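Here's a quick tour to go with the sequence and the coordinates. Have both open and follow along.

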Amino acid sequence: MSRLDFTLEHTAAGSGARAARFQTLHGEVQTPVFMPVGTQATVKGQTIHSLKATGSRVLLANTFHLLLRPGLEVFEKIGGIHRFMNWDGPVLTDSGGFQIFSLPTSRQMTEEGATFQSYVDGEVHLLSPESSIAMQKAIGSDIMMVLDQCIPATAPRAEAEAALELTHRWARRSLEARGDSAQALFGIVQGACHADLRRKSAEFLRELPFDGLAIGGLAVGETPAQRHEFTGVVTDHLPTNLPRYLMGVGTPLDILEAVHRGVDMFDCIIPSQLAQRGTVFTSHGRLHLRRAVYKFSDEPLDAACTCQACREHSRAYLHHLIKADELLGWHLLAIHNLTFYHRLMRDMRESILQDAFLPFHERMRVELARDDVRHPAVKPKPARVFRYPRLGDYEIHPGAGGVNSIRQISSGEVMHSVNRPDDEANRLYVEQSFLARRLAAPGAATEDLVVWDVGLGAATNAMAVLRCFERCQAGANGAPLRPLRLVSFECDLDPLRLAANRGSYFPHVRHGAPQAILARGHWTHASGGMHWELRHGDFLALLDLAPAPDLIFYDPFSFKTDAALWTAEAFARIFAACAPKPAELYTYSAATAARVALLSAGFHVGAGAGTGPKADTTIAFTRPEGAAAHPRRPALFGNDWLARWRRSSSKTPASLSPEARTALENQIESHPQFARTTLTETQSSEDTG
Ligand SMILES: [Zn+2]
């Protein structure tokens, strides 16, 4: 016959949640119940009056700590813990098993018990099932616990089974030691996270004359999901006519889930421990009172709470106490947290008795998981934005038609921003320059065809040149091609690195050549017919050292980003470098400023092929006869263009001095390109011939 006279009042529909009551030597207990932890015969920082005010009914005391201090003799002489601490309610004592398990220093486990050294006086103690019960008898608790061997919840099966067998043998010895004492005694189900062992343990212990059964070995390393699962595994095999106690658990959410699975009794240090750190549970989520958002808050901690802290003090004051590490802050916040726990237990009991636990559970499992909803500590995260790969100042830029390009982050400029990069490279540079025809012309010259690739970037133009060479090579059937020498200028290799390392974004670089350029700075086609070299650095510093070009594919960033490469001075340098032989320059820009700069440098300039939405681009020749010799015979700018330019509000760069502006205007007006086409309108007409 149970010493607790346990009465199951109701089990909630659709849930394992139970409301029950039982009688102890110090009065009735209604469940579900939360037991504050009074390790040293005191709940830290609380008086018995403040405890009662929070709704505390049963206290938990620790046999292990009380055995070491004040010791068995004190309780024998004073007459038990109730008189000792002036607590007239029920007390449950644990056995010391968990503390032995937690001992930082060495301890020895034998069949007899656990031998360990006191942290108080260094004395060696043996804690056995019998000595634990003797101590708990001296303490005079209403509910005693058997000594068990506690192991991590994650312990492997063999270890868990050995601990379980020892715990079962100790359970029998504990019952024996209890004898005819009026104090109740609970057995402890072990078995770590092994369902069959948990079941075996529950079925073994339920056959013994215990007054209640506890679930041990949880909240020691398992996940919350495992905790909930194994709580359910055990309660499935516990008798309905005994109280069930989940040891050391837990958060309000843990407790809600365990009640849902049929547990009646709980203990945990969390309400007091979190209070010390300034964390409280409220009806609108957890609050972390150390946060500065409460510094000027005149409102109560929780308007829905009637505890002393909420009734008498503001958040600002409690925030101050916690920041100042004042004991009163801990005291008040612990009062609030304990009140919160006890109210939660009462609310659960009410909902069970009204058969409304399921909706309560559904609502509270959301509410109890919240942090301060009105002052969230973490700003709501924006939806995770996919970011294209980056390297240095460059990132991959998704282009039209699924073809990617590269964007310079600092300037925002996208390489080949308007058209598909590969299309633009082919149409603007490879096709317009008739590269293939130059390479494969009958009896092709043995002299290198030198192509300058100004602004290697992600090697879009260079690879278009290379592919063109490979097509010519394949179509030549062994006939000799003109040797091709491609000279790429680039000061920053990050765009090519970015593209070469992300071949999935840039099919055009899936070739050994870009990797060779990155690794060695040059690459030669297996036929020996094409050589590609990198001139790494500032174009204007390097161009004089490069072989004179036949074709220039001029594709640096725009004037806005890289102004130095679009000046008359820059083009004059290029023009000079081309001097040994006729050369052609192709560029995507159709800007008047660029064309004026080219003209002033001595180039003969006309409109290049349009690509995509671009109506035209720019083509320039170093020799007057260049355009006429070009297979497409592009028209150079003539009278019309010059007339438009004269009317233009931005004829010359605004940055020029008046003298320089006049000089530039004279240069353009006197350019032989116009002299030849407009004999009447230009002042320099007599210079032509
Ligand atoms: Zn409160």
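Which residue in S21 does Trp452 stand opposite? That would be Val487. Bear in mind that this is a predicted model. The notes below start with the strands around that pair, then move on to the cores, one helix and one leucine.

**Strand S21 and its partners**
- Strand S20 (residues 449-454) runs parallel to S21, and 6 bridges pair the two.
- To get from S20 to S21, the chain passes through helix H18 (residues 460-475), making a right-handed β-α-β crossover.
- S21 is also joined to strand S23 (residues 530-536), again in the parallel sense, this time by 7 bridges.
- Across that pairing, Ser488 of S21 stands opposite Leu534 of S23.
- Strand S21 (residues 484-490) is largely enclosed by the rest of the structure, because 6 of its 7 residues are buried.

**Nonpolar cores**
- Nonpolar side chains tend to be buried together in soluble globular proteins.
- The largest nonpolar core here has 95 residues, and the members touching the most others are Ile81, Phe210, Tyr245, Met265, Phe266, Met348 and Phe357.
- Helix H14 (residues 327-353) gives this core its largest share, 7 residues.
- Setting aside residues up to four places away in sequence, Phe210 touches Val146, Ala171, Leu175, Leu185, Phe186, Gly187, Leu205 and Leu242.
- There's a second, separate core of 86 residues, with Ala458, Ala476, Leu565 and Phe621 among them.

**Helix H7**
- H7 (residues 157-178) is 22 residues long and spans 31 Å from first C-alpha to last, close to the expected 32 Å.
- Its buried residues include Ala160, Leu164, Trp170, Ala171 and Leu175, and two of the residues that Phe210 touches, Ala171 and Leu175, are in that set.
- Some polar or charged names are buried in H7 too, including Thr167, His168, Arg173 and Arg178.
- What do the buried residues of H7 pack against? They meet strands S7 (107-109), S10 (143-145) and S11 (184-189), along with helices H6 (129-139) and H8 (195-205).
- Just after the helix, Gly179 adopts a positive phi of about 60 degrees.

**Leu338 in H14**
- Leu338 sits in helix H14.
- Is Leu338 buried or exposed? Its relative accessibility is 3%, so Leu338 counts as buried.
- Not counting neighbours within four places in sequence, Leu338 is in contact with Phe34, Pro36, Val43, Gln46, Leu51, Thr54 and Pro271.
- Asn666 is 328 residues from Leu338 in sequence, and their C-alphas are 92 Å apart in space.

Key
Residues numbered from 1 in each chain as written. Predicted model: local features only at pLDDT ≥ 70, side-chain atom pairs only at ≥ 80, totals over all residues. Heavy atoms only, no water. Core = buried A, V, L, I, M, F, W, Y, C linked by side-chain atoms within 4.5 Å. Buried < 20%, exposed > 50% of the residue type's maximum accessible area, 1.4 Å probe, protein only. Helix = DSSP H or I, 4+ residues; strand = E, 2+ residues; numbered from the N terminus. Contact = heavy atoms within 4.5 Å. Expected span 1.5 Å × (residues − 1). Pairing = 2+ DSSP bridges. Right-handed = clockwise from strand over helix to strand, strands pointing away.
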